[in-house]
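Trainee: I would like to go through the terms used for this fold and check each one against its cut-off. Where should we start?

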Amino acid sequence: MHMDSLDKFDLAILDILQKDNTTSQKVIGEVISLSAPAVQRRIKRMQKSGVIQSNVSIINPEKIKQSITVIVELELYEESLKHLDDAKNLFNSTPEVQQCYYVTGDTDYILIMIVSSMSHYESLTRKLFFNNTNVKHFKTHVVMNRAKVGLNVPLD
């Protein structure tokens, strides 16, 4: 399923679910003028096809004492597929790494991490970067203010 195969009802459903995925199918149907069973079929189809990847709750990190966000630029020595996959697997298995991007340019990966303290981050740098023989260089940016945080995908 691709963007071209999504109709106005699918897009309306996605728009509502991105704002609050606990909205009932009945309410969605009332808003977009479809029956609840029709909404349910469309949601199941979009889940099965991978358009809807998951249903999650977004937690405010400050409310659970994970209030420091760091952005890390990471450069590797070796960029073979095995080395890239090893790095990606390490980052995917580290809960503090919220997002991991393999990017073009001087940096190989950009990581978005959430930690409880700078000492927590320091211990992670030892585990993920300093003790990793394939890490050539990393640069840390500490977020001072979360000016905009969102996971909504523009649908227009």
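Mentor: Start with strands β1 and β3, which run antiparallel and are joined by 7 bridges. Helices (H or I, at least four residues) and strands (E, at least two) are DSSP runs, numbered from the N terminus. This is a predicted model, in which local features need pLDDT of at least 70, side-chain atom pairs count only at pLDDT 80 or more, and totals for chains, interfaces and linings use all residues. Residues are numbered from 1 along each chain as its sequence is written, and side-chain values use heavy atoms, with hydrogens and water left out.

Trainee: What makes β1 and β3 a pair?

Mentor: Two strands pair if DSSP finds at least two bridges between them. β1 and β3 have 7 bridges, so the pairing criterion is met. Ile71 stands opposite Ile112 in β3.

Trainee: Which residue is the bridge partner of Ile71 in β4?

Mentor: That partner is His141. β1 and β4 also run antiparallel, joined by 7 bridges.

Trainee: What is the strand order of the open sheet?

Mentor: The 4 strands are ordered β2-β3-β1-β4, with antiparallel pairing. β2 and β4 (135–142) are the edge strands, as each pairs on one side only. From one strand to the next, the twist averages 20 degrees.

Trainee: Which strands does α4 touch where it packs on the sheet?

Mentor: α4 touches β1, β2 and β3, and its direction makes about 15 degrees with that of β3. Contact means heavy atoms within 4.5 Å. Axes are lines fitted to C-alpha atoms, for helices over the stretch in contact, and angles run from 0 to 180 degrees between N-to-C directions. Another helix, α5, lies across β1, β2, β3 and β4, running at about 160 degrees to β4.

Trainee: How do you know that the span of α4 agrees with the expected one?

Mentor: The expected span of a helix is 1.5 Å times one less than its number of residues. For the 12 residues of α4 (residues 81–92) that gives 16 Å, and the end C-alpha atoms are 16 Å apart, so the two agree.

Trainee: Why are the buried residues of α4 said to line one face of the helix?

Mentor: The buried residues are Leu84, Ala87 and Phe91. Seen down the axis, they fall within an arc of 65 degrees, so they line one face. The arc is that of the directions from the helix axis to the C-beta atoms. On the other side, Leu81, Lys82 and Asn92 are exposed. What covers the buried residues includes β1 (68–76), β2 (97–102), β3 (109–115) and α5 (118–130).

Trainee: Why is Thr94 called buried?

Mentor: Buried means under 20% relative accessible area, exposed over 50%, partly exposed in between (1.4 Å probe, protein chains only). Thr94 has 2%, so Thr94 is buried. This residue is found in the loop between α4 and β2. Not counting residues up to four places away in sequence, Thr94 touches Leu124, Lys127 and Leu128.

Trainee: What makes Ile52 buried?

Mentor: Its relative accessible area is 12%, so Ile52 counts as buried. Ile52 lies in the loop between α3 and β1. With residues up to four places away in sequence not counted, Ile52 touches Leu14, Leu17, Ile43, Met46 and Gln47.

Trainee: Why are α1 and α3 called roughly perpendicular?

Mentor: Angles under 35 degrees count as roughly parallel, over 145 as roughly antiparallel, 65 to 115 as roughly perpendicular and the rest as oblique. Helix α1 (residues 8–19) and helix α3 (residues 36–49) pack at about 80 degrees, with axes 10 Å apart. The two helices are therefore roughly perpendicular to each other.
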